[in-house]
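Trainee: I am new to this structure and would like to learn how its labels are earned. Could we go through some of them together?

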Amino acid sequence: MFCDGIVICPSGNMAARPLVTVYSDKNEATQTQIKLPAVFRAPIRPDVVSFIHDQVSKNKRQPYAVSTEAGHQTSAESWGTGRAVARIPRVRGGGTHRSGQGAFGNMCRGGRMFAPTKTFRRWHRRVNVAQKRYAVCSAIAASGVPALVQARGHVVDKVAEIPFVVSDKIESFRKTKEAVSFLRRSNLWDDIEKVYNSKKIRAGVGKSRNRRFKQKLGPVIVYGKDSGVIRAFRNIPGVSLLHVERLNLLKLAPGGHLGRLIVWTESAFNKLDAIFGTYKSASELKKGFTLPRPKMTNPDFGRAIRSEEIVKAVRRAPRAALKTSKVHRNPLKKTKLMVRLNPYASVLKRAAILSQRKAQNVDHPNEKLILAANAKANVARKAKYAKKTGKK
Amino acid sequence: RAKKLPQVPESILKRRKLRAEQKAKVTQNRVKLANKAKEKKQKIFKRAEKYVAEHRQRVRQQLSLRREASKTGNFYVPDEPKLAFVIRIRGINQMHPKPRKVLQLFRLRQINNGAFIKLNKATLQMLRIVDPYVAWGYPSLKSVHDLIYKRGYAKVNGQRIPLTNNDIVETELGKEDIICMEDLVHEIFTVGGNFKKANNFLWPFKLSNPNGGWSKKLNHFVEGGDFGNREGKINALLAKMI
């Protein structure tokens with residue numbers, strides 16, 4: 001189970017916002033450092049993202065349906081009973097194979113299908129704006145967690161920093177060549193390589209419907225202003241481009257899975273606080289929107305309940321119920337159990353044994369040895385007592 | 001430059017200290033509990049001893065009264081019995097509603113279930129109603145003892161718990177000064193002031209079919225059958241069923 005607002009940052013403080021270094025287009029750390037936008041501390045909710053993605057992905061669908069007259073373009077009528085044939089409507093007339101054949105039914109050849117598909121099927125789903133925004137916030141937050149990005153399948157071991165922010169120079173790239181050399185220098189090309197290697201022919205009928213090839217997705221470039229970025233990067237397989245003010249959940253969390261690799265430009269990154277707001281201020285661009293709050297500020301529940309403060313304040317757990325053996329054994333046959341329940345029982349048993357022996361005139365089997373041992377003990381005791389009193 | 005010694009994290013030091021304190025407390029507690037247990041054991045011993053002496057005295061007293069009476073040609077009429085042990089002989093099916101209800105009130109819901117019943121005008125009349133379905137009589141101390149030790153289960157929190165430990169008795173009946181099995185046996189046998197509580201604490205006894213069989217369940221004991229009051233002969237039956 002996920003928790004509301006996964007905290008991966010080592011300080012354990014949800015609100016901590018470290019500085020993110022901006023990199024040049026040649027992957028050199030510049031002097032500029034930007035405080036991490038508050039969106040990256042939004043709760044990561046895979047359930048919300050999955051649901052919203054599911055809903056929103058239905059909105060670009062085109063209706064399909066069977067022709068309305070399909071299967072009904074005959075004037076067939078049932079022959080009724082008494083003709084030694086099934087009662088299905090049959091095509092009228094003569095002179096052709098078609099005459100007398102069954103028609104209309106879904107089971108008939110050339111008949112109408114069961115429940116013909118209609119164009120007025122509900123194709124699109126409306127989603128609450130707040131929910132859509134929540135999902136986008138979650139997706140952005142997840143993109144800032146290297147573990148999640150890697151888990152999604154991106155090759156990021158050599159990427160300088162996540163979130164990866166680049167100077168605005170790339171916004172004015174015009175040539176794909178420049179774009180490629182940027183990606184290479186920034187160690188993002190491995191992700192693109194992954195895309196190249198993943199190109200496969202689609203399984204299924206889509207391959208003959210102009211969807212022949214399938215490939216993985218690479219990084220998303222989020223820009224603040226398009227001075228040529230789109231055209232520079234669009235031909236590189238796997239790369240998506242998004243304007244920071246129009247972020248698309250379907251691109252940020254493809255398949256409903258969190259953690260897509262995002263390359264932010266400096267201006268885009270700077271705008272995030274204005275677009276989504278912070279925990280102290282509402283969003284400037286999204287009317288009436290503030291960042292979603294997690295249910296628990298410190299979701300490490302185990303650590304919390306074991307913390308000194310809570311352990312000291314909490315009453316001790318009630319004493320465990322009586323420990324009783326689960327199997328009942330017969331104390332009348334097991335002396336140990338009997339004595340545990342009634343200490344006096346040993347006295348009674350002993351008396352019984354002695355009286356029995358007396359009645360039968362029988363001694364203890366080790367009678368002689370016991371007497372000898374007792375005599376010895378007596379002698380030792382007397383000697384000890386004499387020593388004590390003698391000394392005194 | 002001197003090498004810096006490895007520092008133990010504060011949380012670990014704190015935890016160690018806490019554990020040491022807890023451990024000390026636990027050992028202290030253990031000693032205390034052991035002493036308490038020892039005292040309790042002695043107390044139980046003394047009580048058991050007392051009950052044995054009491055019983056012997058009671059038996060001898062009855063005997064002496066009997067002898068005294070016969071010496072002078074009088075008759076000694078002992079007390080009417082206060083305690084009965086009732087065993088349900090017949091099964092569930094085709095029961096008349098009135099005896100069915102009475103058997104439910106006696107907690108005898110299953111065949112061969114047994115229960116102790118205090119005898120008074122009310123219960124005697126109830127027993128008259130269910131006579132054909134039960135075998136009952138006046139149990140001896142041995143029967144009571146054996147029943148409670150071998151077949152004794154307690155009703156604890158609505159559950160049927162075997163009596164394997166005096167603590168079970170003490171937690172439930174400690175307030176009535178019944179702290180061990182011997183106290184329980186004594187309370188039941190002598191029908192003390194807390195008989196109701198002690199008896200209700202006991203789950204109805206589930207007995208076996210008698211070793212050697214029934215003679216005839218459909219007849220009264222006096223007719224050579226099994227049902228009804230068989231007074232002292234219940235002990236022989238119990239010896240075969242416990």
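Mentor: Gladly; below we take the labels in turn and set values against cut-offs. Keep in mind that this is a predicted model.

Trainee: Let us begin where the chains meet. What makes Glu308(A) and Lys14(B) a salt bridge?

Mentor: The closest N and O atoms of Glu308(A) and Lys14(B) are 2.7 Å apart. The rule asks for a Lys or Arg side-chain nitrogen within 4 Å of a carboxyl oxygen of Asp or Glu, so the pair qualifies. Between chain A and chain B the count is 1 salt bridge, while 5 residue pairs are in polar contact there.

Trainee: Which helices of chain A supply at least two residues each to the side that touches chain B?

Mentor: Helix H11 (335-341) and helix H12 (345-360) of chain A do. H11(A) gives the largest share, 3 residues. Sorted by class, that side of chain A holds 10 nonpolar, 5 polar and 3 charged residues.

Trainee: How much area is buried between chain A and chain B, and which residues supply the most of chain A's part?

Mentor: About 1900 Å² is buried between the two chains, with carbon and sulfur atoms giving 68% of it. His328(A), Leu341(A) and Tyr344(A) supply 35% of the area that chain A buries against chain B, more than any other three residues. The contact takes 18 residues from chain A and 24 residues from chain B.

Trainee: Back to Glu308(A). What makes its pairing with Lys312(A) a salt bridge too?

Mentor: Here the closest N and O atoms are 3.2 Å apart, and the limit is 4 Å, so the label holds. Both residues belong to helix H10 (residues 308-313) of chain A, and because they are 4 residues apart, about one helical turn separates them. In general, an α-helix has 3.6 residues a turn, so residues three or four places apart point the same way.

Trainee: Why is Lys312(A) called exposed but Glu308(A) partly exposed?

Mentor: Lys312(A) has a relative accessible area of 66%, and exposed means over 50%, so the word fits. Glu308(A) stands at 38%, which falls between 20% and 50%, so partly exposed is the right term.

Trainee: Are there such pairs within chain B, and what makes Lys142(B) and Asp146(B) one of them?

Mentor: The side chains of Lys142(B) and Asp146(B) meet at 2.6 Å, N to O, within the 4 Å limit. The two lie 4 residues apart in helix H4 (residues 141-151) of chain B, about one turn of the helix. Lys142(B) counts as exposed at 58% relative accessibility, whereas Asp146(B) counts as buried at 13%, because buried means under 20%.

Trainee: Which residues do salt bridges with shared partners join into one network?

Mentor: Glu308(A), Lys312(A), Glu10(B) and Lys14(B).

Trainee: What about Asp167(B) and Lys40(B): how do you know that this pair ties together separate parts of the sequence?

Mentor: Their side chains meet in a salt bridge of 4.0 Å, N to O. Asp167(B) sits in helix H5 (residues 166-173) and Lys40(B) in helix H1 (residues 10-71) of chain B, so the pair links parts 127 residues apart in sequence. Asp167(B), at 28%, is partly exposed, and Lys40(B), at 29%, is partly exposed as well.

Trainee: How do you know that the buried residues of H3(B) share a side of the helix?

Mentor: Thr123(B), Leu127(B) and Val130(B) are the buried residues of helix H3 (residues 121-130) of chain B. Their arc around the axis is only 65 degrees, and therefore they are on the same side of H3(B). The face turned away from that buried side carries the exposed residues Lys121(B) and Arg128(B). Among the elements covering the buried residues are strand S1 (83-88) and helix H2 (97-105) of chain B.

Trainee: One last label: why is Thr265(A) called buried?

Mentor: Its relative accessibility is 0%, and the cut-off is under 20%, so Thr265(A) is buried. Thr265(A) lies in strand S10 (residues 262-265) of chain A. Its side chain makes a polar contact of 2.8 Å with that of Glu171(A). Thr265(A) also touches other residues, including Val165(A), Ile170(A) and Tyr223(A).

Definitions and conventions:
Residues are numbered from 1 along each chain as its sequence is written. Chains are lettered from A and ligands numbered from 1 in the order in which they are written. This is a predicted model: local features need pLDDT of at least 70, side-chain atom pairs count only at pLDDT 80 or more; totals for chains, interfaces and linings use all residues. Side-chain values use heavy atoms; hydrogens and water are left out. Contact means heavy atoms within 4.5 Å. Buried area is the accessible area (1.4 Å probe) that two parts lose on being put together, summed over both. A polar contact is a pair of N or O atoms within 3.5 Å; within protein, one must be able to donate a hydrogen and the other to accept it, and residues adjacent in sequence count only if both atoms are side-chain atoms. Ala, Val, Leu, Ile, Met, Phe, Trp, Tyr, Cys and Pro count as nonpolar, Asp, Glu, Lys and Arg as charged, and the others, Gly among them, as polar. Buried means under 20% relative accessible area, exposed over 50%, partly exposed in between (1.4 Å probe, protein chains only). The arc is that of the directions from the helix axis to the C-beta atoms.
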